[in-house]
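Here is a set of exercises to work through at the bench or the desk. Have the structure open beside you, try each task, and then follow the solution step by step.

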Amino acid sequence: MSGADAYRPALHRFTLGQADVTTILDGAHIREPINPPFAMDKSESEIATIAQANNLPANGFENTYTPTVITVGGQTVLFDTGFGAMGRDNGAGNLVRRLGLGGYAPEDIDVVAFTHCHPDHIAGVMEGDKPTFPNARYAIGRREYDAWNDGSEIPEQRQQNRDMFLKLIPPLAQKMTFLEDGDAVVPGLTAEAAFGHSLGHMMYRLESDDKSLLVWGDVTNHYVFSLQFPESTVGFDDDKDMAIASRKRVLDMVATDRLLVSGHHMPFPSIGYVERHGESYRWTPASYQLRM
Ligand SMILES: [Zn+2]
């Protein structure tokens with residue numbers, strides 16, 4: 001753990017209807033530059049202007065990784081696993097240790113639901129040669145699984161990622177539910193297609209009493225660059241045009257419906273709202289609304 005992370009909040013827990021929602025910081029990396037991956041249609045000076053207007057450094061960005069745990073109806077579902085052991089010498093892979101801060105043990109996870117199969121979302125599913133969450137079954141989008149398993153549509157830059165997928169995910173297929181758009185993971189938690197960041201990327205919607213939360217995975221990868229410029233090409237997206245279309249659709253929906261969001265790469269605690277701002281959007285971190 002670096003000094004800067006020593007006193008950083010890493011766990012956030014609240015109730016939503018009958019559900020308990022916990023977000024846990026798996027870790028953070030500083031990446032340079034901003035373009036790529038973000039704002040690939042913008043010049044260096046345009047990016048500097050955007051960064052300054054948002055009180056951000058212009059030379060790089062912090063990439064944080066925040067899995068979400070939801071307990072509803074007696075079932076505990078973990079959304080994405082963080083980096084696991086491969087992140088631990090490099091500022092990530094803290095999910096399992098920090099689960100305990102929220103009162104959970106790895107044995108308490110009933111379902112691991114994947115938004116998609118990039119390393120920060122799947123690598124922590126195994127600990128050595130053992131499943132990290134020994135009592136869990138798994139849920140994944142059918143399209144996502146098939147695309148990685150088949151491999152022919154996976155872009156060249158993701159070949160190492162595909163090797164990781166083949167090592168980690170197909171061996172769990174016996175305990176895996178393959179989801180279509182609209183399928184329930186457990187009662188009250190429903191999968192929604194948002195393809196593009198990966199070929200079969202899924203989001204998950206919690207509904208409890210009259211309250212909702214969208215776990216949107218990687219529909220956006222940065223709270224400023226993705227929301228203010230949803231049409232900019234992003235290097236992280238595997239199907240860049242489809243990712244832009246999904247990003248625009250989901251941001252419009254979330255802003256219109258004032259839907260609470262948990263975003264894997266939004267600033268910790270990664271819980272917030274999206275406000276329309278002309279043709280683009282702004283991220284508004286949730287604060288005391290969720291206590292009232
Ligand atoms: Zn990610």
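## Exercise 1: Backbone oddities in the loops

Asn55 sits in the loop between H1 and strand E4 (61-65). Keep in mind that this is a predicted model; the protein chain averages a pLDDT of 96, and 98% of the residues score at least 70.

**Task.** Is Asn55 buried or exposed, and what is the sign of its phi? Then do likewise for Ala39.

**Solution.**
- Step 1. Look at the backbone: phi of Asn55 is near 60°, which is positive although the residue is not a glycine.
- Step 2. Count the surroundings. Asn55 has 7 other C-beta atoms within 10 Å, and a residue with 12 or fewer is exposed, so Asn55 is exposed.
- Step 3. Turn to Ala39, in the loop between E3 and H1. Its phi is near 50°, again a positive value in a residue other than glycine.
- Step 4. Ala39 has 25 other C-beta atoms within 10 Å; the cut-off for buried is 20 or more, so Ala39 is buried.

**Task.** Which peptide bond in the loop between E3 and helix H1 (44-53) is cis?

**Solution.**
- Step 1. Find Pro33, which is placed in that loop.
- Step 2. Check omega: the bond from Glu32 to Pro33 is cis, with omega near -5°.
- Step 3. Look for another case. The bond from Phe268 to Pro269 is cis as well, with omega near 10°, and Pro269 belongs to the loop between E16 and E17.

## Exercise 2: Following strand E6

**Task.** Which strands are joined to E6 by bridges, and in which direction does each pair run?

**Solution.**
- Step 1. Begin with strand E5 (residues 68-72): five bridges join it to E6, and the two run antiparallel. In this pairing Thr68 stands opposite Phe79.
- Step 2. Inspect the turn. The hairpin of E5 and E6 has two residues between the strands, and Gly73 there takes a positive phi near 60°.
- Step 3. Move on to E7, which runs parallel to E6 and is joined to it by three bridges. Leu78 has Val112 in E7 as its bridge partner.
- Step 4. Consider burial: four of the five residues of strand E6 (residues 75-79) are buried, so E6 is largely enclosed by the rest of the structure.

## Exercise 3: The seven-stranded sheet

**Task.** What is the strand order of the open sheet of seven strands, and which strands lie at its edges?

**Solution.**
- Step 1. Trace the order, E12-E13-E14-E15-E16-E17-E18, with mixed pairing.
- Step 2. Pick out the edges: strand E12 (184-186) and strand E18 (280-285) each pair on one side only.
- Step 3. Compare directions. Neighbouring strands are turned by 35° against each other on average, direction ignored.
- Step 4. Examine one pair: E17 (residues 271-277) and E18 run antiparallel and are joined by six bridges, with Tyr273 partnered by Thr284 in E18.

## Exercise 4: The helix on the sheet

**Task.** Where does helix H7 (residues 240-257) pack, and which of its residues are buried?

**Solution.**
- Step 1. Check the length. At 1.5 Å a residue, the 18 residues of H7 should span 26 Å, and the end C-alpha atoms are 26 Å apart, which agrees.
- Step 2. Locate the packing: H7 lies on the sheet, touching E15, E16, E17 and E18, and its direction makes about 100° with that of E17.
- Step 3. List the buried residues of H7: Ala243, Ser246, Arg247, Val250, Leu251 and Val254. They cover an arc of only 125° around the axis, which puts them on the same side of H7.
- Step 4. Recall the helix rule: with 3.6 residues a turn, residues three or four places apart point the same way.
- Step 5. Look at the face turned away from the buried side, which carries the exposed residues Asp241 and Thr256.
- Step 6. See the contact from the strand side. Leu214 lies in strand E15 and counts as buried, with 22 C-beta neighbours inside 10 Å. Beyond its neighbours within four places in sequence, Leu214 is in contact with residues including Val254 and Val261.

Notes
Residues are numbered from 1 along each chain as its sequence is written. This is a predicted model: local features need pLDDT of at least 70, side-chain atom pairs count only at pLDDT 80 or more; totals for chains, interfaces and linings use all residues. Two strands pair if DSSP finds at least two bridges between them. Axes are lines fitted to C-alpha atoms, for helices over the stretch in contact, and angles run from 0 to 180 degrees between N-to-C directions. Two residues are in contact if their C-beta atoms, placed from the backbone, lie within 7 Å. pLDDT is the predictor's confidence in each residue, from 0 to 100. The expected span of a helix is 1.5 Å times one less than its number of residues. The arc is that of the directions from the helix axis to the C-beta atoms.
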